[in-house]
Amino acid sequence: MLNARGSLRHAACAALAFCALLSTAAHADNSLYREFGEQPGLVRIIDDFYDLLLVDPRTKPYFDGAPVKRIKQKLAEQFCVLLDGPCVYTGRTMKRAHEGQNIDRAAFNALVEDLQTAMDRNGVPFRAQNKLLAKLAPMYRDVQDRE
């Protein structure tokens with residue numbers, strides 16, 4: 001049987017162990033976000049990505065007259081959330097944001113290629129790239145135009 005001091009010591013140890021567990025879980029949860037360079041890295045990747053989209057003849061027409069600053073901001077939020085970073089996405093749904101754009105599979109694939117190039121240029125490990133792409137792939141259903 002534990003005395004009061006032993007109970008207090010046991011409770012303190014349990015609390016420390018729990019805090020260590022939470023710290024480890026938080027550390028693991030945002031490791032992918034850290035591999036992308038956190039917010040500064042995401043901004044660099046998205047800047048490069050957007051530059052590529054604007055020169056790629058397969059994607060350029062979709063961005064004529066688009067609000068560049070807003071798109072970059074919403075992409076950074078969205079990627080941050082997908083990478084388990086400390087962000088909140090405040091944009092429209094993918095379906096709503098892409099309504100009437102007539103996006104087909106070829107344009108979507110070109111966008112993915114341009115994103116991969118931007119991630120490569122910014123030193124994102126291949127495994128980390130694949131994790132983000134796996135989270136983005138199902139979004140094709142929301143951005144495509146249905147015949």
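**An aromatic pair and a helix packing**

The structure holds one aromatic pair. Its partners are Y50 and F63, set edge-to-face. The ring centres lie 5.4 Å apart, and the planes meet at 75°. That angle counts as edge-to-face because the cut-off is over 60 degrees. The pair links distant parts of the chain, with the two positions 13 residues apart in sequence numbering. Y50 belongs to helix α3, residues 38–55. F63 sits in the loop between α3 and α4, the latter spanning 68–82. Are these two residues buried or exposed? Both Y50 and F63 are buried.

Step back to the whole chain. This is a predicted model. The protein chain has eight helices and zero strands. Read from the N terminus, its elements therefore run α-α-α-α-α-α-α-α. The chain counts 147 residues, and 30% of them are buried. Now take contacts in the chain between residues at least 6 apart in sequence. Of these, 69% join residues at least 24 apart.

Next, follow the chain to α6 and α7. Helix α6 covers residues 105–121, and helix α7 covers residues 126–136. How do two packed helices get described? The angle between their axes and the distance between those axes do the job. For α6 and α7 the angle is about 155°, and the axes are 11 Å apart. The two helices are therefore roughly antiparallel to each other. The cut-off behind that label is over 145 degrees. The crossing of α6 and α7 is right-handed.

Which residues make this contact? From α6 come F108, V112, L115, Q116, M119 and D120. From α7 come Q129, L132, L133 and L136. By type, the residues of the contact divide into seven nonpolar, two polar and one charged.

One residue of this contact deserves a separate look: F108, in helix α6. Why does F108 count as buried? Its relative accessibility is 11%, so F108 counts as buried; the cut-off is under 20%. What does F108 touch, leaving out residues up to four places away in sequence? The partners are I103, L136, A137, Y140 and V143. L136 is also among the α7 residues in the helix contact. F108 can be placed against T59 as well. The two are 49 residues apart in sequence, yet 8.3 Å apart in space, C-alpha to C-alpha.

Definitions and conventions:
Residues numbered from 1 in each chain as written. Predicted model: local features only at pLDDT ≥ 70, side-chain atom pairs only at ≥ 80, totals over all residues. Heavy atoms only, no water. Phe/Tyr/Trp six-rings, centres within 6.5 Å; stacked < 30°, edge-to-face > 60°. Helix = DSSP H or I, 4+ residues; strand = E, 2+ residues; numbered from the N terminus. Buried < 20%, exposed > 50% of the residue type's maximum accessible area, 1.4 Å probe, protein only. Axes fitted to C-alpha atoms, helices over the stretch in contact; angles between N-to-C directions. Parallel < 35°, antiparallel > 145°, perpendicular 65-115°, else oblique. Left-handed = near helix turned anticlockwise from the far one by under 90°. Contact = heavy atoms within 4.5 Å. Nonpolar A, V, L, I, M, F, W, Y, C, P; charged D, E, K, R; others polar.
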